[in-house]
Amino acid sequence: GQSYVKSSEYRALLESIDSKGIFIVGAGRSGTTILRRVLNSSPEIMMWHEANLYINLNNPNFRGNFNLQHKDKDQEKKATFINEPVFEELNSLQTLGRVGKSYTLAGEKLVFLANNKPDAFFNFHTKYFLNSVYFFTLRNPAEVVWSMTKMFPEENIHKFILIWLKSAEIALRSLGTFEKSY
């Protein structure tokens, strides 16, 4: 397909998504999904389910991989399906910019797992989404660890404690950096 990247268009795209970004961030089992569902019920908001934009920034097949990851879910919902672009998109930011044009706010719900990198998340979001809206979910750590242990009994409990600590670290760092964080 054709690519539409020109430096001035790309700068305009980045400015657009920065001011209309919305993100929910937390440990798994901390309420991120229910909050995403509530916010996504608005016709003004579009939030993808765990798109991991900061990990997939330069993934040329971001849309295809995202749709494949969510193929077992109700595929035609705005949280779990990205439609085909007219022009080739070179990264996840272009895809978010295109899809987000139809909404007042657009972004994703993200949960931290053992392999997520808080510094990479923080650096990506301060670079591209400094003026966006952030919701951080912090549930009682004992309840999060208990819930994760029930859901993933084969995993080590220490892993779940580290996940909660990483999400708390990101929330604390972000509350002092992102003006619109809650």
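Which backbone nitrogen does a side-chain oxygen of Asn91 reach at the start of α4? The views below come from a predicted model, and the first one picks up that question.

**View 1. The start of helix α4.** Here a side-chain oxygen of Asn91 comes to within 3.0 Å of the backbone nitrogen of Leu93. The helix that begins here, α4, covers residues 92-100.

**View 2. Helix α4 and its surroundings.** Nine of the nine residues of α4 are buried, so the helix is largely enclosed by the rest of the structure. That set takes in Ser92, Gln94, Thr95 and Arg98 as well as Leu93, Leu96, Gly97, Val99 and Gly100. What do they pack against? Two strands, β2 (45-49) and β3 (105-112), plus the helices α1 (7-20), α3 (62-69) and α5.

**View 3. Where α1 crosses α4.** The two helices pack at about 65 degrees, with their axes 10 Å apart. That angle makes α1 roughly perpendicular to α4, and the crossing is left-handed. From α1, the residues involved are Tyr10, Leu13, Leu14, Ile17 and Lys20. They meet Leu93, Gln94, Leu96, Gly97 and Gly100 of α4.

**View 4. The largest nonpolar core.** This core has 29 residues, and Val25, Trp48, Leu53, Phe124 and Phe129 touch the most other members. Helix α5 (residues 118-128) gives the most to this core, chipping in four residues.

**View 5. Another core.** Apart from the largest nonpolar core sits one of eight residues. Among its members are Val144, Phe160, Ile163 and Ala168.

Note on methods: Residues are numbered from 1 along each chain as its sequence is written. This is a predicted model: local features need pLDDT of at least 70, side-chain atom pairs count only at pLDDT 80 or more; totals for chains, interfaces and linings use all residues. Side-chain values use heavy atoms; hydrogens and water are left out. A nonpolar core is a set of buried Ala, Val, Leu, Ile, Met, Phe, Trp, Tyr and Cys residues joined through side-chain atoms within 4.5 Å. Buried means under 20% relative accessible area, exposed over 50%, partly exposed in between (1.4 Å probe, protein chains only). Contact means heavy atoms within 4.5 Å. A polar contact is a pair of N or O atoms within 3.5 Å; within protein, one must be able to donate a hydrogen and the other to accept it, and residues adjacent in sequence count only if both atoms are side-chain atoms. Axes are lines fitted to C-alpha atoms, for helices over the stretch in contact, and angles run from 0 to 180 degrees between N-to-C directions. Angles under 35 degrees count as roughly parallel, over 145 as roughly antiparallel, 65 to 115 as roughly perpendicular and the rest as oblique. A crossing is left-handed if the near helix is turned anticlockwise from the far one by less than a right angle, and right-handed if clockwise.
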